Amino acid sequence: MQPADYETLTPDQAIAYQNELRQKIRIEPLDKPIRIIGGADISFNKYSEIVYAGIILLKYPEMTVISHASVVSRTSFPYISGLLAFREVPALLEVWNKLDIKPDLLVLDGQGIAHERRLGIATHFGLVTDVPTIGSAKSRLRGKYAEPANEVFAQSPMYDRDEVIGTALRTKRNCNPIFISPGHRISMEQSVEVIKNCIRGYRIPEPTRHAHLLVNKVRVDDSGKDTQFSLF
DNA sequence: GCGACAG
DNA sequence: ATCTTGTCGC
């Protein structure tokens with residue numbers, strides 16, 4: 001199955017594919033140090049099949065932006081909770097292939113293994129590219145957890161039955177926690193450690209925060225390209 | 001049956 | 001996610 005063919009899948013087939021991919025997930029320590037970390041995100045206009053995907057590259061742990069890439073693509077796969085990867089991975093893969101340099105690790109906006117079948121978008125993308133990934137979500141999809149104390153970096157494990165699938169991490173005082181989970185080829189502990197090193201005063205870690213700003217700018221610029229002519 | 005439900 | 005201004009709180 002190729003990402004380019006995802007749009008031909010029915011929800012049931014997508015779920016069957018996730019159960020297949022599930023066997024290949026590797027939650028283990030990183031095999032090399034991180035020099036460059038990437039952040040990926042997608043943006044789109046409501047009701048449109050056009051999607052703007054982007055990836056930002058930053059030096060780690062300095063968090064200084066090195067470069068970025070973006071692409072305008074399209075998808076017909078709808079947003080279905082639990083099947084987000086089938087809608088966003090194809091476009092993200094296009095940007096990934098445009099990258100002149102590949103990061104040592106990629107942070108995605110969404111879950112890693114904190115998913116009903118352990119196949120959040122970060123895990124899915126990591127498996128497809130064979131690159132270490134971390135899922136950093138703004139809200140919970142799966143797992144029970146105790147509210148972390150109102151202190152920066154207070155954390156609390158997320159449980160699915162008796163299994164720890166993620167960590168609720170408070171990255172800023174008086175702000176809701178974010179939900180971290182390893183995607184592929186990294187451990188739970190390292191995932192949290194890396195994200196903590198990516199916090200610079202905002203609730204969202206730098207990789208994903210910059211990626212979000214990037215794709216939004218690309219979308220707004222592209223959406224207004226028709227109007228610019230009438231201005232002359 | 002009812003509530004939950006990444007982006 | 002996106003649509004959108006002001007506004008309450010630290």
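**Entry: the cysteines**

I started with Cys175, which is partly exposed in this predicted model, at a relative accessible area of 24%. Is Cys198 buried or exposed? I found Cys198 buried, with a relative accessible area of 0%.

Next I searched the whole structure for disulfides and came back with zero. Cys175 takes part in none, and its nearest cysteine sulfur, in Cys198, sits 18 Å away. Why does Cys198 have no partner? Its sulfur is 18 Å from the closest cysteine sulfur, that of Cys175, so the gap is too far for a bond. For the reasoning I kept in mind that a disulfide needs two cysteine sulfur atoms within 2.5 Å.

**Entry: DNA strand B**

I then turned to DNA strand B and asked how many residues surround it. The count is 18, and the closest are Tyr79, Gly82, Ile121, Lys138 and Ser139. I sorted the surface near this strand by class and got seven nonpolar, seven polar and four charged residues.

Which parts of strand B lie within 4 Å of the protein? Sugar or phosphate accounts for 51% of those atoms, and bases make up the rest.

I wrote down three polar contacts here, taking the backbone ones before the side chain. Gly82 places a polar backbone atom 3.0 Å from a base nitrogen of DNA strand B. Ile121 has a backbone N or O atom 3.0 Å from a base nitrogen of that strand. From Ser81, a polar side-chain atom lies 3.4 Å from a sugar or linking oxygen of DNA strand B.

**Entry: DNA strand C**

My last stop was DNA strand C. Around it I listed Ser43, Phe44, Lys46, Lys138, Asn174, His212, Asn216 and Arg219. By class, that surface holds one nonpolar, four polar and three charged residues. I noted that Lys138 appears here and also among the closest residues to DNA strand B.

Which element gives the most to this surface? Helix 5 does, with three residues. Helix 5 spans 206-223, and strand 1 of the protein, at 36-44, also supplies at least two residues.

Of the DNA strand C atoms within 4 Å of the protein, I read 93% as sugar or phosphate, with bases as the rest. Two of the contacts I checked go to phosphate: a polar side-chain atom of Ser43 is 2.9 Å from a phosphate oxygen, and one of Asn216 is 3.2 Å from a phosphate oxygen. Lys46 reaches a base instead, with a polar side-chain atom 3.5 Å from a base oxygen of DNA strand C.

How values were computed
Residues numbered from 1 in each chain as written. Chains lettered and ligands numbered in written order. Predicted model: local features only at pLDDT ≥ 70, side-chain atom pairs only at ≥ 80, totals over all residues. Heavy atoms only, no water. Buried < 20%, exposed > 50% of the residue type's maximum accessible area, 1.4 Å probe, protein only. Near = heavy atom within 4 Å. Polar contact = N/O pair within 3.5 Å; in protein donor to acceptor, adjacent residues only side chain to side chain. Nonpolar A, V, L, I, M, F, W, Y, C, P; charged D, E, K, R; others polar. Helix = DSSP H or I, 4+ residues; strand = E, 2+ residues; numbered from the N terminus.
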